[in-house]
Amino acid sequence: MGDRNERGPATRRRRTTISGEATGTSARQANGGKPGSHGQGEQDAAGAARKHRSSNDGFKDRLSCHRLQESLLSSESGYSNYRGILNWCVTVTMRVLDGPLFLFQLHRYGILVDPIQVVSLFLKDPYSWPAACLIIVSNVFIMAALYTERRLAVGTISEGTGAFLYCVNLGAILCFPSATVLIVNSMTPVGGVFALGVYTVLLLKLYSYKDVNKWCREIRQAKARTLSRSNSSFSVHHITHLLFLYFCLDMYYFIFAPTLCYELNFPRSPRIRKRFLLRRLLEMLFLMQLQVGLIQQWMVPTVQNSMKPFQNMELSRMVERLLKLAVPNHLIWLIFFYWFFHSSMNFVAELMQFGDREFYRDWWNSETVPYFWANWNIPVHKWCLRHFYKPMLRRGVNKLPAQIAVFLLSAFFHEYLVSIPLKMFRLWAFMGMMAQVPLALFVARFLRGNYGNAAVWMSLIIGQPIAVLMYVHDYYVLHYGGVSEARTA
């Protein structure tokens, strides 16, 4: 993975959008006033300088949200606090008897693992690739945002017109793929989830791109009021000549970078570590096959055997099947977390020399529900904080309503990514996300320390299988007219 000495300070020198000339100019103008007003002029200049610095700091905080750092699970990070894993071990030990169940299913049904069968989850017809075509079409929306931003930068359209064009573009990103998934019969549920996931990421990225460029224009306008005309005209002249090439390269680097928050200059690593890249690639390939094997061999038979109790509403057997599904589902979720947030995102970051590797924090030590949601998915958390939560606070919204609004937004996208590909609307994912609000209040008030951490783990282990079983049951009932007699385990 490379040693610490190889890393070094690798951030590129940031492009300055606010120079110190404004403050100096204001001070010189103040000192050049009337002799009798020298003291008052100095006070006015100092006040203006403080206000200017405060405004600049606020903009700079919004413009920059990345820094050069390693992921916690990388050996270079030096992180060693895994005490939450002990609570996880205690919690999972209660279900350790599912190990013999796995061996029993292996003996009864034989080896069910078939990697080739995974292809059928994405394609119904080998000559029809609707999900891939839908993803390729997403470049149209990228170029639309690029064109809009270019016109705004050179001032050929007004801010109001630009905001309208962005709204149309972002609305189309949300509606066009969902309508396509619902209409195209050859689109499989897994292919639909993948395509909608890509478009959801693109929506969040372009929204961040819009916000940051708007903040930069506001800074440039504030700067133009204090700098001389020659400096301002040079800036516009320089931007006009290099705009298109820079915008294209900058946009597509951001689109492929493992982040949802745009910056003018991202922190960059000094080089590509080939050994680190190879290890992440091998992890990705191995863990992907492991997930497929666990789903086909362990989870699918358990889900199939759960359909009959759910159809007959046999409460005791429903609870039994739920507990049997909890461990394989949770194990697959943990493997997916490591595969996606550590292996895959570090692989892409290393390939692109993207310096900020903080894709997650120590969510396993969470003693409260909000701490878990704020630390297990850092790219989404940063986006919500920067472009949704803090703007609401600046508009005078209180913290609690703003936090609930963040959960509402997250619940919407969870349901959007499940219901539309399945072509049914049951709101289980939405209600599961919103149930986190009262759970957070309960854990914060009545549970502390290890008890709170255990409660977070239990919500992860039990909550997800409930949603899985509800969606699978409703999907079979809706698309197959009922649930056939399932095998018993």
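**Exercise 1. Place Ser138 and decide: buried or exposed?**

Step 1. Find the helix. Ser138 sits in helix H7, residues 130–154. Helices are DSSP runs of H or I with at least four residues, strands are runs of E with at least two, and both are numbered from the N terminus.

Step 2. Check the cover. The relative accessible area of Ser138 is 7%. Buried means under 20%, exposed means over 50%, and partly exposed lies in between, with a 1.4 Å probe and protein chains only. Ser138 is therefore buried.

Step 3. List the partners. Beyond its neighbours within four places in sequence, Ser138 contacts Tyr199 and Leu202. Contact means heavy atoms within 4.5 Å.

A note on the model: it is predicted, so local features need pLDDT of at least 70 and side-chain atom pairs count only at pLDDT 80 or more, while totals for chains, interfaces and linings use all residues. Residues are numbered from 1 along each chain as its sequence is written, and side-chain values use heavy atoms, without hydrogens and water.

**Exercise 2. Describe how H7 and H8 pack: parallel or antiparallel?**

Step 1. Recall what is needed. A pair of packed helices is described by the angle between the axes and the distance between them.

Step 2. Read the values. H7 and helix H8 (residues 159–183) pack at about 175°, and their axes are 9 Å apart. Axes are lines fitted to C-alpha atoms, for helices over the stretch in contact, and angles run from 0 to 180 degrees between N-to-C directions.

Step 3. Classify. Angles under 35 degrees count as roughly parallel, over 145 as roughly antiparallel, 65 to 115 as roughly perpendicular, and the rest as oblique. So H7 and H8 are roughly antiparallel.

Step 4. Look at the residues. On the H7 side, the contact includes Leu134, Val137 and Phe141. On the H8 side, Leu165, Tyr166 and Ile173 are among them. By class, the contact of H7 with H8 has 13 nonpolar, four polar and two charged residues. Nonpolar covers Ala, Val, Leu, Ile, Met, Phe, Trp, Tyr, Cys and Pro; charged covers Asp, Glu, Lys and Arg; the others, Gly among them, are polar.

**Exercise 3. Repeat the analysis for H8 and H16. What is the angle between them?**

Step 1. Read the values. H8 and helix H16 (residues 399–422) pack at an angle of about 25°, with axes 9 Å apart.

Step 2. Classify. H8 and H16 are therefore roughly parallel to each other.

Step 3. Name the contact residues. H8 brings Ile173, Leu174, Pro177, Ser178, Val181 and Leu182. H16 brings Phe412, Phe413, Tyr416, Ile420 and Pro421.

Step 4. Sort them. The contact of H8 with H16 has 10 nonpolar, one polar and no charged residues.

**Exercise 4. How many salt bridges are there, and what do some of them link?**

Step 1. Apply the rule. A salt bridge is a side-chain nitrogen of Lys or Arg within 4 Å of a carboxyl oxygen of Asp or Glu. The count comes to nine.

Step 2. Take a pair from distant parts of the chain. Glu350 and Arg273 form a salt bridge, with their closest N and O atoms 2.9 Å apart. Glu350 is in helix H13 (residues 315–352), and Arg273 is in the loop between helix H10 (229–256) and helix H11 (274–304), 77 residues apart. Both Glu350 and Arg273 are buried.

Step 3. Take a pair within a helix. Glu283 pairs with Arg280, the closest N and O atoms being 2.7 Å apart. They are three residues apart in helix H11, so about one helical turn separates them. Arg280 is buried, at 1% relative accessibility.

Step 4. Take a third pair. Glu358 and Arg361 meet in a salt bridge at 2.8 Å, N to O. Glu358 is buried at 16%, whereas Arg361 is partly exposed at 28%.

Step 5. Find a network. Salt bridges with shared partners join Glu149, Glu159 and Arg217.

**Exercise 5. Which helix holds Phe388, and what does Phe388 touch?**

Step 1. Locate Phe388. It lies in helix H15, residues 378–394.

Step 2. Check the cover. Phe388 is partly exposed, with a relative accessible area of 23%.

Step 3. List the contacts. Not counting residues up to four places away in sequence, Phe388 touches Trp383, Ala405, Val406 and Leu409.

**Exercise 6. Summarise the chain. How many helices and strands are there?**

Step 1. Count elements. The chain has 19 helices and zero strands.

Step 2. Add burial. Of its 489 residues, 42% are buried.
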